[in-house]
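Student: Please take me through this model label by label, and tell me on what grounds each label is given.

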Amino acid sequence: RILHKKLTLLKLIYKCVYTTRQRIKFSDDRVCKSHLLNCCPHDVLSGTRMDLGECLKVHDLALRADYEIASKEQDFFFELDAMDHLQSFIADCDRRTEVAKKRLAETQEEISAEVAAKAERVHELNEEIGKLLAKVEQLGAEGNVEESQKVMDEVEKARAKKREAEEVYRNSMPASSFQQQKLRVCEVCSAYLGLHDNDRRLADHFGGKLHLGFIEIREKLEELKRVVAEKQEKRNQERLKRREEREREEREKLRRSRSREHRRHRSRSMSRERKRRTRSKSREKRHRHRSRSSSRSRSRSHQRSGHSSRDRSRERSRRRSSKERFRDQDLASRDRDRNSRDRSPRDRDRKDKKRSYESANGRSEDRRSSEEREAGEI
């Protein structure tokens with residue numbers, strides 16, 4: 001029965017994890033961005049005395065793998081969220097460190113500034129020795145014996161300096177107060193360190209998971225700050241480039257619109273000039289046509305006037321010739337009368353008949369000439 005319950009529980013857990021993976025993507029707000037960048041304090045400090053427990057957001061290695069694949073093609077800028085998360089955590093840690101320092105200052109006896117500086121020197125040497133011992137253990141685990149031996153030589157030198165600093169500190173204080181345990185707060189992980197701690201205790205602290213985890217978190221925070229600053233600078237440059245491109249495009253559009261307006265204005269002016277030219281040409285043609293028509297009408301009127309003057313001169317000449325004929329006839333008739341007076345009455349009768357006949361012929365000729373004149377005018 002117990003085994004059956006365990007199997008059902010594992011099935012439920014697997015089902016929950018599978019449904020979560022199916023429903024949630026790495027870009028979801030419920031996913032921890034610090035976990036995607038492998039710097040979440042809940043993962044780094046797990047198993048230490050400052051274990052923070054389970055993170056409130058989703059942690060899944062498959063989502064981290066998906067993010068690492070997708071981040072090669074696109075920048076999601078999750079570093080900013082992770083940086084904010086780590087900054088808030090480190091700020092809380094620094095605040096606890098300050099509180100611990102104030103508490104130590106209240107509980108321990110007050111010492112002079114000179115003695116405090118000597119004690120601080122001992123603490124610094126203790127920290128240096130602890131870091132070197134932790135490094136030696138790490139190099140030995142990696143199999144680098146030569147480097148670990150060099151680091152051990154540095155540890156021996158630091159131990160000699162520590163003994164000298166402790167001797168100076170012991171001589172500057174009375175024996176009763178020197179025997180008291182002088183504590184110090186670690187600036188990295190806010191843990192308490194003793195002034196008289198042995199090398200094993202210092203190595204355990206500085207090589208421990210808690211201290212190294214805080215170092216990792218602080219280094220990761222500095223790296224994220226640098227990456228975020230570079231990306232922000234890059235984004236600002238891209239924005240400036242896009243802005244310059246937009247301004248260049250706007251200037252180009254404005255230039256094109258101005259050139260189009262200029263072309264339109266030029267085409268309009270050219271069309272107006274053409275219209276003016278066509279109008280002027282049409283006016284000139286009309287004027288020429290009018291002048292030609294007027295000249296033709298004048299020539300026609302002149303011709304008509306020339307014909308009428310000719311007809312008039314002919315009529316005048318005819319009238320003159322008819323008058324002269326009448327005069328000649330009158331003169332001849334007068335001469336005949338004179339001669340007839342001298343002749344017999346028979347001759348006079350003949351002469352009268354002849355005169356009447358000639359006068360009748362003259363009238364018929366005058367009528368014919370007048371009819372011809374009228375026909376010529378028509």
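Student: How much area does the chain expose, and what share of it do carbon and sulfur atoms supply?

Tutor: The exposed area of the chain comes to about 29100 Å², and 47% of it is supplied by carbon and sulfur atoms; such areas come from the Shrake-Rupley method with a 1.4 Å probe, and for residues only the protein chains shown count as cover. The model is a predicted one, in which local features need pLDDT of at least 70 and side-chain atom pairs count only at pLDDT 80 or more, while totals for chains, interfaces and linings use all residues. Residues are numbered from 1 along each chain as its sequence is written, and side-chain values use heavy atoms, with hydrogens and water left out.

Student: What makes up the chain, counted in helices and strands?

Tutor: There are eleven helices and two strands in the chain, where a helix is a DSSP run of H or I of at least four residues and a strand a run of E of at least two, numbered from the N terminus. Read from that end, the order of the elements is α-α-α-α-α-α-α-α-β-β-α-α-α.

Student: Why is His211 called buried?

Tutor: Buried means under 20% relative accessible area, exposed means over 50%, and partly exposed lies in between, with a 1.4 Å probe and protein chains only. His211 has a relative accessible area of 1%, and it therefore counts as buried. Its place is in helix α10, and, leaving aside neighbours within four places in sequence, His211 is in contact (heavy atoms within 4.5 Å) with Cys186, Val188, Cys189, His205 and Phe206. In the chain as a whole, buried residues make up 25% of the 378 residues.

Student: What is said of Ser190, in the loop between β1 and β2, and why is it buried or exposed?

Tutor: Ser190 has a relative accessible area of 12%, so the label is buried. Its phi is near 60°, a positive value in a residue other than glycine. Asn38, in the loop between α2 (33-36) and α3 (41-44), also has a phi near 60°, but Asn38 counts as partly exposed because its relative accessibility is 47%.

Student: How do you know that Lys101 forms a salt bridge with Glu187?

Tutor: A salt bridge requires a side-chain nitrogen of Lys or Arg within 4 Å of a carboxyl oxygen of Asp or Glu. For Lys101 and Glu187 the closest N and O atoms are 2.4 Å apart, and the pair qualifies. It links distant parts of the chain, with Lys101 in helix α5 and Glu187 in the loop between β1 (183-185) and β2 (192-194), 86 residues apart. Lys101 is partly exposed at 32% relative accessibility, and Glu187 is partly exposed at 42%.

Student: What makes Arg95 and Asp92, and Arg256 and Glu252, salt bridges as well?

Tutor: The N to O distance is 2.1 Å for Arg95 and Asp92, and 3.6 Å for Arg256 and Glu252. Arg95 and Asp92 both lie in helix α5 (residues 79-107), three residues apart, about one turn of the helix, whereas Arg256 and Glu252 both lie in helix α10, four residues apart, again about one turn. Arg256, with a relative accessible area of 46%, is partly exposed, and Glu252, with 29%, is partly exposed. By this rule the count is ten salt bridges, and a network of salt bridges links Asp75, Glu79 and Lys231.

Student: Why is Glu247 partly exposed, and what gathers with it in a patch?

Tutor: Glu247 has a relative accessible area of 37%, so it is partly exposed, and its place is in helix α10 (residues 209-342). Patches are made of residues with over 30% relative accessible area and no salt bridge, like charges being joined within 9 Å and nonpolar side chains (Val, Leu, Ile, Met, Phe, Trp, Tyr) within 5 Å. Lys and Arg count as positive and Asp and Glu as negative, with His and the chain ends not counted, and each charge is placed at NZ of Lys, CZ of Arg, CG of Asp or CD of Glu. Glu247 gathers with Glu244, Glu245, Glu249 and Glu250 in a surface patch of negative charge.

Student: Which residues gather in a patch of positive charge on the surface?

Tutor: Arg268, Arg272, Lys275, Arg279, Arg283 and Arg286 do so. Arg268 lies in helix α10 and, because its relative accessible area is 52%, is called exposed.
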